[in-house]
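Please take a moment to look over the sequence and the model shown here. The paragraphs that follow lead through a few of its features, one after another.

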Amino acid sequence: MADKHSRLDGPLCTAHRQAMADIRNIVVLTGAGISAESGIDTFRSAGGLWEQHRVEDVATPEAFARDPDLVLRFYDMRRANIQKAYPNAAHDALARLDQYWQGNLLIVTQNVDDLHERAGAERLIHMHGEHLSAWCLSCDGRTRWHAPLSDRPACPHCGEAALRPDIVWFGEMPYRMDEIDRAIGQCDLFVSIGTSGAVYPAAGYVRTARHYGARTLELNLDPSQGSIMFHECRMGRATDLVPAWVDEMLTHQAERL
Ligand code: OAD
């Protein structure tokens, strides 16, 4: 039964369990909340990144054109921070789901850290780019990158000092939208983890998933801006909720076999 920390709409929990048991194709959307317990700042919590910095100063192409040093230093600091962090139990659980889930699975992350892949997840799309990738504005090449960019290193492909963070800034198009849209249109279950539902297009995925008939589940610390759209919301820490949900899904799968 749903406890006081969760909301489950629809007539009966048994109907919900039956729906979960029939799931084959899953899309999981993750946001900053899944990495919070690894020590990486979220964006919109009290003291979060967007309280410390204005989006317009560090996360738009206009900001980069106006003050590239400020923008590059901001991302250098964040790139250094993520390399000191480790995947937590929620990343580990999703990697376990990726390894054992026999149906289709796509993990779509808005996060630019590499904690999902360090945990072992492979069926993964970084829709907002990656801290550990540099993009050359001269030759359009992308390079795996761990070091600072503010000292203007040369691009390994063309030699020009024209590298920028491979991060999708506000006003730019997220990556691999076609693949994401296709997976959402075909999924039986859409799960949103640790995201405030404040940034589109990701914030609209729950609506699209429902339109195509998917079951929808939110796992988050607090109700998000889109909570009302989900069939079920479970509130709590990602490191508690995600392993429990993954266990549930793998148990349903084992019972089917
Ligand atoms: P936000 O900071 O907006 O939201 C993080 C969500 O995680 C909030 O709803 C928190 O309640 C929740 N949360 C915090 N700690 C948690 C925990 N331990 N367990 C579970 N949930 C927790 O981050 P995002 O929604 O990811 O985009 O932000 C979306 C996009 O806005 C980012 O990708 C970034 C940002 O501007 C770009 O930079 C393009």
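Does aspartate 114 count as buried or exposed in terms of relative accessibility? This is a predicted model, and in it aspartate 114 has a relative accessibility of 10%, so this residue counts as buried, a class that is reserved for values under 20%. The side chain of aspartate 114 meets that of arginine 118 in a salt bridge, with 3.0 Å from N to O. Arginine 118, for its part, has a relative accessible area of 36% and is therefore partly exposed, since that class lies between 20% and 50%. The pair thus joins a buried aspartate 114 to a partly exposed arginine 118.

Side chains of opposite charge can pair when their charged atoms come close. A search of the whole structure finds 14 salt bridges, and two further examples can be followed here. In one of them, the side chains of arginine 176 and glutamate 179 meet with 2.9 Å from N to O; arginine 176 counts as partly exposed at 42% relative accessibility, and glutamate 179 is also partly exposed, with a relative accessible area of 33%.

In the other, the side chains of aspartate 240 and arginine 237 meet in a salt bridge at 3.2 Å, again taken from N to O. Aspartate 240 counts as partly exposed at 44% relative accessibility, and arginine 237 falls into the partly exposed class at 45%. These two residues also belong to a network of salt bridges, in which Glu37 is linked with Arg237 and Asp240.

From the salt bridges the reader may turn to the ligand, which sits in the largest pocket. The ligand is surrounded by 23 residues, and the closest of these are Ala32, Phe43, Arg44, Thr195 and Ser196. By character, the residues of this shell divide into nine nonpolar, 10 polar and four charged.

Which atoms of the protein lie 2.7 Å from an oxygen atom of the ligand? One is a polar backbone atom of phenylalanine 43, and another is a polar side-chain atom of arginine 44. A nitrogen atom of the ligand, in turn, has a backbone N or O atom of alanine 238 at 2.8 Å. On its own the ligand has 790 Å² of accessible area, and the protein covers 92% of that area.

How values were computed
Residues numbered from 1 in each chain as written. Predicted model: local features only at pLDDT ≥ 70, side-chain atom pairs only at ≥ 80, totals over all residues. Heavy atoms only, no water. Near = heavy atom within 4 Å. Polar contact = N/O pair within 3.5 Å; in protein donor to acceptor, adjacent residues only side chain to side chain. Areas by Shrake-Rupley, 256 points an atom, 1.4 Å probe, with all protein chains shown as cover. 1 Å grid on protein atoms, 1.4 Å probe; cavity = no way out; pocket = protein on both sides within 12 Å on 5 of 7 lines; lining within 4 Å. Sits in = over half its atoms within 2 Å of the grid points. Nonpolar A, V, L, I, M, F, W, Y, C, P; charged D, E, K, R; others polar. Salt bridge = Lys/Arg side-chain N within 4 Å of Asp/Glu carboxyl O. Buried < 20%, exposed > 50% of the residue type's maximum accessible area, 1.4 Å probe, protein only.
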